[in-house]
Amino acid sequence: IVENYPELRSSESFRALRDQLEGTENRISVARQDYNTSVGEYNAYIRRFPYNLTAKMFGAAQREYFEAAPGSEAAPEVKF
């Protein structure tokens, strides 16, 4: 059936591409959340006593949370 209707095949390919793009966006979002969670836990850890004393001795400093650059919130445009 697919060979008789090439538009059906391209439609399925487009759906697969769209699903892959959505999956990639979701993985990036999850990785960003995991990173920010880890940074928060690390920052809290080095502020607690007695760890704050050893953190100062070894030069451990608070880390910055990941924030996207202004204007990069928009999804890239994909032309077909």
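Colleague: I've got the structure open and I'm hunting for ring pairs. How many aromatic pairs does a search of the whole structure find?

Modeller: One aromatic pair turns up when the whole structure is searched. Tyr-45 and Tyr-51 make that pair: their ring centres are 4.4 Å apart and the planes sit at 25 degrees, so the pair is stacked. Keep in mind that this is a predicted model.

Colleague: How do I get from that plane angle to "stacked", rather than tilted or edge-to-face?

Modeller: Look at the angle between the planes: under 30 degrees counts as stacked. Tyr-45 and Tyr-51 come in at 25 degrees, so they qualify.

Colleague: Are those two tyrosines buried, partly exposed or exposed?

Modeller: The general idea is that buried means under 20% relative accessible area and exposed means over 50%, with partly exposed in between. Tyr-45 has 39% relative accessibility, so it counts as partly exposed. Tyr-51 is partly exposed as well, at 35%.

Colleague: Let me step back to the overall picture. How many helices and strands are there in the chain?

Modeller: The chain has two helices and zero strands. Helix 1 covers residues 6–47, and helix 2 covers residues 51–57.

Colleague: And what share of the chain counts as buried?

Modeller: Of the 80 residues, 9% count as buried. The accessible surface of the chain is about 7,200 Å², with 56% of it belonging to carbon and sulfur atoms.

Colleague: What should I look at in the loop between helix 1 and helix 2?

Modeller: Pro-50 is in that loop. For background, most peptide bonds are trans. Here, Phe-49 and Pro-50 are joined by a cis peptide bond, with omega at about 5 degrees.

Colleague: Now the asparagines. Is Asn-43 buried or exposed?

Modeller: Asn-43, which lies in helix 1, is buried, because its relative accessibility is 4%. If you leave aside neighbours within four places in sequence, Asn-43 contacts Gln-62 and Arg-63.

Colleague: And where is Asn-52, and is it buried or exposed?

Modeller: Asn-52 belongs to helix 2. Its relative accessibility is 19%, and the buried class means under 20%, so Asn-52 counts as buried. With neighbours within four places in sequence left aside, Asn-52 is in contact with Ile-46 and Arg-47.

Colleague: Let's move past helix 2. Which residues does Ala-60 touch?

Modeller: Ala-60 sits in the segment after helix 2. Not counting residues up to four places away in sequence, Ala-60 touches Tyr-42, Ile-46 and Ala-55. Compare sequence separation with distance in space for one of those partners: Ala-60 and Ile-46 are 14 residues apart along the chain, and their C-alpha atoms are separated by 7.6 Å. Ala-60 is partly exposed, because its relative accessibility is 31%.

Colleague: I can try that reading on Tyr-65. How many residues apart in sequence are Tyr-65 and Tyr-35, and what is the C-alpha to C-alpha distance?

Modeller: They are 30 residues apart in sequence and 7.8 Å apart in space, C-alpha to C-alpha. Tyr-65 is also in the segment after helix 2. Leaving out neighbours within four places in sequence, its contacts are Asn-36, Val-39 and Gly-40. Tyr-65 counts as partly exposed, because its relative accessibility is 44%.

Colleague: One last feature, the nonpolar surface patch. Which residues make it?

Modeller: Phe-14, Leu-17 and Leu-21 make a nonpolar surface patch of about 230 Å². To be part of a patch, a residue needs over 30% relative accessible area. Leu-21, in helix 1, has a relative accessible area of 37%, so it is partly exposed and clears that cut-off.

Conventions: Residues numbered from 1 in each chain as written. Predicted model: local features only at pLDDT ≥ 70, side-chain atom pairs only at ≥ 80, totals over all residues. Heavy atoms only, no water. Helix = DSSP H or I, 4+ residues; strand = E, 2+ residues; numbered from the N terminus. Buried < 20%, exposed > 50% of the residue type's maximum accessible area, 1.4 Å probe, protein only. Areas by Shrake-Rupley, 256 points an atom, 1.4 Å probe, with all protein chains shown as cover. Contact = heavy atoms within 4.5 Å. Patch = residues over 30% accessible without salt bridge, like charges linked within 9 Å, V, L, I, M, F, W, Y side chains within 5 Å. Salt bridge = Lys/Arg side-chain N within 4 Å of Asp/Glu carboxyl O. Phe/Tyr/Trp six-rings, centres within 6.5 Å; stacked < 30°, edge-to-face > 60°.
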